[in-house]
Amino acid sequence: MQALAPGTIIFHRHRGYGVITSVNLLTGWIAARFGSEARTLDLNLSTDAVQFADGEAILFRRAPPDRMPHARLMAMVRELHGAGYQKLYLYSWPKPSGLYWRWHLFTGRRDWMQRPWREGWYGSGADYNSNPVMGWGDAPGASTGELVDALARFDPHGLAQALGRDEDHAAWFAATCDALLPGYMYSLDMPRSPNGFLPEMPAVPVIAVRASLPLYAGAPLSWPPGWCGLWPRAHALPTPAINLTGIVELP
């Protein structure tokens, strides 16, 4: 299916040709303006028989678009690793609500906690749902090569800092891409239990980037190099137990 984004030309059997003014890839509702009408019309892509300008039907439920950009970012990072930019890393983690996942590209030193932030190198699935671009001058639905070209033009100095070798991470990333793409992405989050202790180290969480995909049923994924040692088994300063009885227990 072609890209769905503000500015896309569509055709409606009762209104004719129009242009999308806003889109929500999570719910499938769009707002479109037709002809010289001043107000927009809300349409549901699943039930209102909307087509692209060339007549292609928009099958939102049967062929859902990516609701998150992470799989496209993974494909781009893998291609850049193959070109020698192995010091390029993709960190992804969920918002507290669990509805959307953030993403952050960073370069240089592989430090998952202290990551350098550069303009256009981070974003959220919430923003992507309304405007499916990464934010560095790319177009909706851009291919992997087009994403690489747009990033190189947008921030050549930042991309140059990714030149170098990190073979351990590049091998882990390539194996992860082979297992997940094109329909799934990884999430680097480690929730704590209520008592402050970490559970046994599970496999890397895997999330589908499109609706209607089944749960990931492949082999468990290992954590990236340098990740597991960042998480202790308990908080550094555990909360002491509160004694409300008034009885002092001798050691």
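In this predicted model, residues 24 or more positions apart account for 58% of the contacts in the protein chain that have a separation of 6 or more. The chain has 251 residues, of which 39% count as buried, and its secondary structure consists of 5 helices and 10 strands. About 13700 Å² of the protein chain is exposed, with carbon and sulfur atoms supplying 56% of that area.

**The five-stranded sheet**

- An open sheet of 5 strands follows the order β4-β3-β2-β1-β5, and its pairing is antiparallel. Its edge strands, each pairing on one side only, are β4 (41–44) and β5 (51–52).
- Within this sheet, strand β2 (residues 16–24) and strand β3 (residues 29–34) run antiparallel and are joined by 6 bridges; S22 stands opposite A31 in β3.

**The three-stranded sheet and helix α1**

- A further open sheet is built from 3 strands in the order β6-β7-β8, again with antiparallel pairing. The edges are formed by β6 (88–94) and β8 (122–124), each of which pairs on one side only.
- On average, and with direction ignored, neighbouring strands of this sheet are turned by 15 degrees against each other.
- Strand β7 (residues 101–107) pairs with β8 in the antiparallel sense over 3 bridges, and H104 stands opposite Y122 in β8.
- Helix α1 packs on this sheet, where it touches β6 and β7, and the direction of α1 makes about 165 degrees with that of β6.

**Helix α3 and its cover**

- Helix α3 (residues 144–154) has L147, V148, A150 and L151 as its buried residues. Seen down the axis of α3, these residues fall within an arc of 165 degrees, so they line one face of the helix.
- The elements that cover the buried residues of α3 include α1 (70–82) and α4 (156–160).

**T176 in helix α5**

- T176, found in helix α5 (residues 167–180), has a relative accessibility of 3%, and because buried means under 20%, T176 counts as buried.
- When its neighbours within four places in sequence are left aside, T176 is in contact with M74, Y186 and L221.
- The C-alpha atom of T176 is separated by 9.4 Å from that of P224, although these two residues are 48 residues apart along the chain.

**Aromatic pairs and a cluster**

- The count of aromatic pairs comes to 15. One of them joins W103 and W136, whose ring centres are 6.2 Å apart and whose planes stand at 90 degrees, so the pair is edge-to-face.
- W103 lies in strand β7, whereas W136 lies in the loop between α2 (125–130) and α3, so this pair ties together parts that are 33 residues apart in sequence. Both W103 and W136 are buried.
- W223 and W227 form an aromatic pair that is stacked, with 5.7 Å from centre to centre and 5 degrees between the planes; W223 and W227 are both buried.
- These two tryptophans, W223 and W227, also belong to one aromatic cluster together with Y89, Y91, W93, F106 and W112.

Conventions: Residues numbered from 1 in each chain as written. Predicted model: local features only at pLDDT ≥ 70, side-chain atom pairs only at ≥ 80, totals over all residues. Heavy atoms only, no water. Helix = DSSP H or I, 4+ residues; strand = E, 2+ residues; numbered from the N terminus. Buried < 20%, exposed > 50% of the residue type's maximum accessible area, 1.4 Å probe, protein only. Contact = heavy atoms within 4.5 Å. Areas by Shrake-Rupley, 256 points an atom, 1.4 Å probe, with all protein chains shown as cover. Arc of directions from axis to C-beta. Pairing = 2+ DSSP bridges. Axes fitted to C-alpha atoms, helices over the stretch in contact; angles between N-to-C directions. Phe/Tyr/Trp six-rings, centres within 6.5 Å; stacked < 30°, edge-to-face > 60°.
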